[in-house]
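Please take a first look at the protein below. The report starts with the space inside it, then moves on to helices, cysteines and loops.

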Amino acid sequence: MEYQKAAQWAAQHLESYRKDPSGWSGCKRANNVTISWRPSNIFHGNLYRAEGVLAAKSEDVFKCIKPETGGLREKWDENVNKQVVVESINNDICILRTTTPSALMNMISPREFLDVVLIQHNEDGSKMTVATNVEHPLSPPQPNYVRGLNFPCGCFLIPVPGDPNKTRLLSFFQTDLSGNLPQKIVESFLPRSITAFYGNLANAAVTLVA
């Protein structure tokens, strides 16, 4: 029940981010992705908002980001080494462990993230995946990784009216990389990582999904 409450709490935050247009700044556009940010009201870093249209069906995009053990995301996301479902709470909620490689010429060492992930179908026809950090007895912190923390984050897969072969992807990223990293390194890495996420996902939804 506690995991379900955490997932619903995160979903409420994501919905509020989607509806609230205020406070976003630093708009950056690259590779058909628009990224903006504002200070998070949950932790000491930034909340990032990204939006772009992918030339792929929503169901194909979802297959590439679906939370599952050994799923497609391991093949296309350069910031994901491995994903493992630690526990399935129900058909829509699971506990997911994600490990990431080092980045920025090893200035950022490998990380691990443990999240409760919720998949939700919305009344407007969109699909949402939302995650936030949790703890789980079957997945304690590992010595070779820094345990990072995701705060309410995720994606809205929104159908494009009149064109079922395109998907509007609205994403929110809110990550504490931990490990006493200088804020300048974090602010340099995350927008670049988000841009790569969109480009690689767009390609994967076309090339990896049969």
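About 750 Å³ of space lies in the largest cavity of this predicted model. The structure holds one cavity of 30 Å³ or more. Here, a cavity is a set of points on a 1 Å grid over the protein atoms alone, where a 1.4 Å probe fits but cannot get out. Its volume is the space filled by probe spheres set on those points, which are joined across faces, edges and corners.

**The cavity lining**

Lining residues have an atom within 4 Å of a point. The largest cavity has 37 of them, and Arg-73, Asp-77, Asn-150, Phe-173 and Thr-175 lie nearest its centre. By type, the lining divides into 21 nonpolar, 12 polar and four charged residues. Ala, Val, Leu, Ile, Met, Phe, Trp, Tyr, Cys and Pro count as nonpolar; Asp, Glu, Lys and Arg count as charged; the others, Gly among them, are polar.

Which element gives the largest share of the lining? Helix H4 does, with five residues. Strands S5, S6, S7, S10 and S11 each supply at least two residues, as does H4 (183-207). Helices (H or I, at least four residues) and strands (E, at least two) are DSSP runs, numbered from the N terminus.

**Confidence and ground rules**

Residues are numbered from 1 along each chain as its sequence is written. Local features need pLDDT of at least 70, side-chain atom pairs count only at pLDDT 80 or more, totals for chains, interfaces and linings use all residues, and side-chain values use heavy atoms, with hydrogens and water left out. pLDDT is the predictor's confidence in each residue, from 0 to 100. Its mean over the protein chain is 93, and 99% of the residues reach 70 or more. Among the elements, strand S1 (residues 25-30) has the lowest mean, 78, and strand S5 (residues 93-100) the highest, 98.

**Two helices**

Helix H1 (residues 2-19) has 18 residues. From its first C-alpha to its last it reaches 26 Å, close to the 26 Å expected at 1.5 Å a residue. That expected span is 1.5 Å times one less than the number of residues. Its buried residues (under 20% relative accessible area, 1.4 Å probe, protein chains only; exposed is over 50%, partly exposed in between) include Tyr-3, Ala-7, Leu-14 and Tyr-17.

Why is helix H2 (residues 58-65) largely enclosed by the rest of the structure? Six of its eight residues are buried. They are Ser-58, Asp-60, Val-61, Phe-62, Cys-64 and Ile-65.

**Cysteines**

A disulfide is a pair of cysteine sulfur atoms within 2.5 Å. By this rule the count is zero. For Cys-94, the nearest cysteine sulfur, in Cys-153, is 13 Å away. For Cys-153, the closest cysteine sulfur belongs to Cys-155, at 8.3 Å, too far for a bond. Cys-94 is buried, at 8% relative accessible area. Cys-153 is buried too, at 11%.

**Loops**

Asn-144 sits in the loop between S7 and strand S8 (146-147). Asn-144 is exposed, with a relative accessible area of 65%. Asn-144 and Leu-157 are 13 residues apart in sequence, yet 34 Å apart in space, C-alpha to C-alpha.

Another loop, between strand S12 (175-176) and H4, holds Ser-178. Asn-180 is found there as well. Neither residue is a glycine, but both have a positive phi.

| Residue | Phi |
|---|---|
| Ser-178 | near 60 degrees |
| Asn-180 | about 55 degrees |

Asn-180 is also exposed, with a relative accessible area of 82%.

Technical notes. 1 Å grid on protein atoms, 1.4 Å probe; cavity = no way out; pocket = protein on both sides within 12 Å on 5 of 7 lines; lining within 4 Å.
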